[in-house]
Amino acid sequence: MLSMTGDILIVEDEPAIADAIAYALKTEGFLPHRVTTGAEALAHVRSGASRLVILDVGLPDLSGFEVCRRLRAFSDVPVLFLTARSEEVDRVLGLEIGGDDYVAKPFSPRELVARVRVILRRLERPEAASPKLFEHDAAGRRVRFRGQALDLTRYEYLLLRTLLEQPERIFTRAQLMEQVWSGAEESSDRTVDTHVKTLRAKLRALDPESDPIQTHRGVGYSLSVRG
Ligand code: CA
């Protein structure tokens, strides 16, 4: 979830750099929170306290890339990478990492804070103008897609709900069968594929441009919630 409040998480094991960033953020009215390892970073993001993560690529435990990859399994929080080498920049810009921007070392803390501001403005302001991709009303068992209500059958809803609960996670057909069709009388190998197909058609009817359900050949499906 994107948050208008919360801290800016600094994941950096070099104290001098972390100090400089924290100081610059504080001066500009942000609330910095510092950790030095990938594991601490993941735990902190999981708690939902951060509105943005400044992530060094070179950390003592996990690489920043690995931290970002794991984080993307459960969070959309924007990630600004700190890179030390140009080959790292190439990877950050690669879509598979899921980073939002990068700053190359050495950098000026003021420039870094300016980047933070740009990312937050870009991500937090357009919410009113462009509706979220999915809005899930769990109590009412309803889902809206691009601001419009989806008319789903029971199993389409359960399937979508399962995918929505863990965006970007790849579910195998067997896992989806177990979560969605447990206890169902009639199901077959084709059940999952058939329902994905009808669900996709309903999403496409509301927005022909987006195809948020991804097929992973020979594996299963995942859902992207990033518009
Ligand atoms: Ca480092």
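## A parallel pair to start with

Let's begin in this predicted model with two strands that run side by side. Strand 3, residues 50–56, and strand 4, residues 79–83, are paired in the parallel sense, and four bridges link them. To find the pairing in the structure, look for valine 53, which has valine 79 of strand 4 opposite it.

Two helices can be found by looking from here to the sheet's surroundings. Helix 1, residues 15–27, packs on the sheet and touches strand 1 (7–11), strand 2, strand 3 and strand 4. The direction of helix 1 makes about 165° with that of strand 2. Helix 3, residues 64–71, also packs on the sheet, where it touches strand 3 and strand 4. Its direction makes about 170° with that of strand 4.

## The whole sheet

Now zoom out. Strands 3 and 4 belong to an open sheet of five strands, arranged in the order 2-1-3-4-5 with parallel pairing. Why is one side of strand 2 (32–35) and of strand 5 (101–104) left without a neighbour in the sheet? Both stand at the edges and each has a single partner strand, so there is no neighbour on the other side. On average, neighbouring strands of this sheet are turned by 20° against each other, direction ignored.

## A hairpin further along

Further along the chain, strand 6 (residues 134–137) and strand 7 (residues 142–145) pair in the antiparallel sense over four bridges. One of the facing pairs is easy to look up: glutamate 135 has arginine 144, in strand 7, as its bridge partner.

Together, strand 6 and strand 7 form a hairpin, with four residues between them. In the turn sits arginine 141, which has a positive phi of about 50°.

Notes: Residues numbered from 1 in each chain as written. Predicted model: local features only at pLDDT ≥ 70, side-chain atom pairs only at ≥ 80, totals over all residues. Heavy atoms only, no water. Pairing = 2+ DSSP bridges. Axes fitted to C-alpha atoms, helices over the stretch in contact; angles between N-to-C directions. Contact = heavy atoms within 4.5 Å.
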